[in-house]
Amino acid sequence: MKKRLLALATTGLMSFGLLAGGTYALFTSSATNSNNTFAAGTINLDQSRDSGDSVPGPMFYSSTNPVTNPAGLYPYDQPAPSGSVIGGEAIGGWAPGDKVTRALNLQNTGSLVARITKLQAKVNSAGVTSGAAYTEFINDMNIKVVYNTGTGVVLYNGPLSNLLNGWVTIPTMLAAGHSGPLNVSFEATLDPSADNTVEGQNFVFDFSFYAEQN
Amino acid sequence: MSLKKKLAMAVVTTTAGAAIMAAGSFALFTSTATNSANTFATGTVNVALSPTVGGTYASSMQSINVTGAAPGDAATVKTFFVKNTGSLSEYIMPKFVSCNVTPGDGTGAINLYDAAGVLNSNGLSSALTKFTGFGTAAAFEFKVEDLTTGQTLYDTAATSNPLWGQYLEVAPGSTDEIQLTYQLASTANNTYQGMNYTGSIEFDAVQSANNTQTVRHAKI
């Protein structure tokens, strides 16, 4: 009996000792969820002019330039093929009152839905960039941009000068990831009130669209 | 993780989140597409004259100078070429400018057309009074003809000149041959002694594209 009590006491003492010590080991295990990949989606806006051929280049060009117009389509010195949405004529160069319509296709080659929200123009140093002729031209050249695919909404209709001061907000076009072409036309009209000040000049511009994730 | 530790972690995370939101700026993915080098080359409207078809085309004014003529002299004929030296098709209109006729009696020049090509009606009346049969085939006649189209543009002896003040349509690089003829007839009387007629014909051009002018005649 005494021995049993002593054993109990010892055990109790030992247990107590263990508790008082503070360190102990619990059963443990770990599990790892590895190789988690966060692949960022993309948006990438591309453009190509809609000129009836697959040659990249500007929508508007001034002659039967073999580089920008190798197939001889839609030169300035011939009327557009009948029934064609784009093309136009400006025989001998732009004259006051002339109207020419060209188009481009926008594509989102990224994976995310993109919102195309802004448009701007920038003067290109290949042409006249300042002076009386330039100022008159950008005020007298009207640009009308229309989203043809599906809706036909007018994105912009006003003087070229208003596109040259940074991004202009336009009605939003939505382009799903890897989506097909969004056809946009540019109708350029030189106002009949333009005078000899803008005669015999070369004006060159870049047109840009801006897209962001939806 | 103890509850205390979990609460502490929660506070830190929330603070961090609030800090990110409070900063305000964030970047969305963006992309731009540019169609470059769109060229708009404007055309030109120009008209110039040359004495010969292959000569140097300069000036748009042809001078007229009639002096020292005697009645019965052969008609003076002057031919020149008017050319569209611009890139755009154009309408060309000739007009008389700065025309004066001066009699030999010292009474001074009589103005017939001003520098803008406007007829001086009073001057014309004076000339008709001063010079017997002014403008008629029997005295002093002046003609302007377009030899290329075979049309008489102006004849002082005609009762009306419907083609004068009208437009000739000329394509870029094309020419029209113009002939001026003036003659002092043998029946011209003494009022024409010492007469001096000076002036110019000026050719004005305007683009034909988008031009709503309806009063014109086309080149044959």
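Here are some short exercises on the two-chain model above, each with a worked solution.

This is a predicted model, in which local features need pLDDT of at least 70, side-chain atom pairs count only at pLDDT 80 or more, and totals for chains, interfaces and linings use all residues. Residues are numbered from 1 along each chain as its sequence is written, while chains are lettered from A and ligands numbered from 1 in the order in which they are written.

**Exercise 1. Work out how chain A is built and where to read it with care.**

Step 1. Start with the elements: chain A has two helices and nine strands. Helices (H or I, at least four residues) and strands (E, at least two) are DSSP runs, numbered from the N terminus. Along the sequence they follow the pattern α-β-β-β-β-α-β-β-β-β-β.

Step 2. Turn to the contacts, where two residues count if their C-beta atoms, placed from the backbone, lie within 7 Å. Among chain A contacts between residues at least 6 apart in sequence, 71% join residues at least 24 apart.

Step 3. Check pLDDT, the predictor's confidence in each residue, from 0 to 100. Chain A averages 81, and 74% of its residues score at least 70. Two stretches stay under 50: residues 15–19 of chain A, with zero contacts beyond four places in sequence, and residues 72–80 of chain A, with 22 such contacts. Where pLDDT is low, the predicted coordinates should not be read in detail.

**Exercise 2. Find the largest nonpolar core and follow one of its residues.**

Step 1. Know the terms. A residue is buried if 20 or more other C-beta atoms lie within 10 Å of its own, exposed if 12 or fewer, and partly exposed in between, with C-beta atoms placed from the backbone. A nonpolar core is a set of buried Ala, Val, Leu, Ile, Met, Phe, Trp, Tyr and Cys residues joined through C-beta atoms within 7 Å.

Step 2. Buried residues make up 30% of the 214 residues in chain A.

Step 3. The largest core has 77 residues, and those with the most contacts inside it are L45(A), L106(A), I116(A), M141(A), A211(A) and I92(B). Strand β9(A) gives the most to this core, with seven residues.

Step 4. Now look at I116(A): leaving aside residues up to four places away in sequence, its contacts include L45(A), L106(A), F209(A) and A211(A).

**Exercise 3. Describe how the two chains meet.**

Step 1. On the chain B side, 25 residues are in contact with 45 residues of chain A. Strand β1 (residues 30–41) of chain B supplies the largest share of that side, 12 residues.

Step 2. Strand β1(B) pairs with strand β9 (residues 202–213) of chain A in the antiparallel sense, over 10 bridges. Two strands pair if DSSP finds at least two bridges between them. To locate the pairing, find E212(A), whose bridge partner in β1(B) is T30(B).

**Exercise 4. Trace the strand pairing within chain B.**

Step 1. Five strands form an open sheet with antiparallel pairing, in the order β2-β4-β10-β7-β8 (chain B). At its edges, β2 (47–50) and β8 (151–155) of chain B each pair on one side only.

Step 2. Four bridges join β2(B) to strand β4 (residues 76–84) of chain B, and V47(B) has N84(B) as its bridge partner.

Step 3. Elsewhere, strand β5 (residues 90–102) of chain B runs antiparallel to strand β9 (residues 167–170) of chain B, with three bridges. Antiparallel pairing also joins β5(B) to strand β11 (residues 196–207) of chain B, through 11 bridges.
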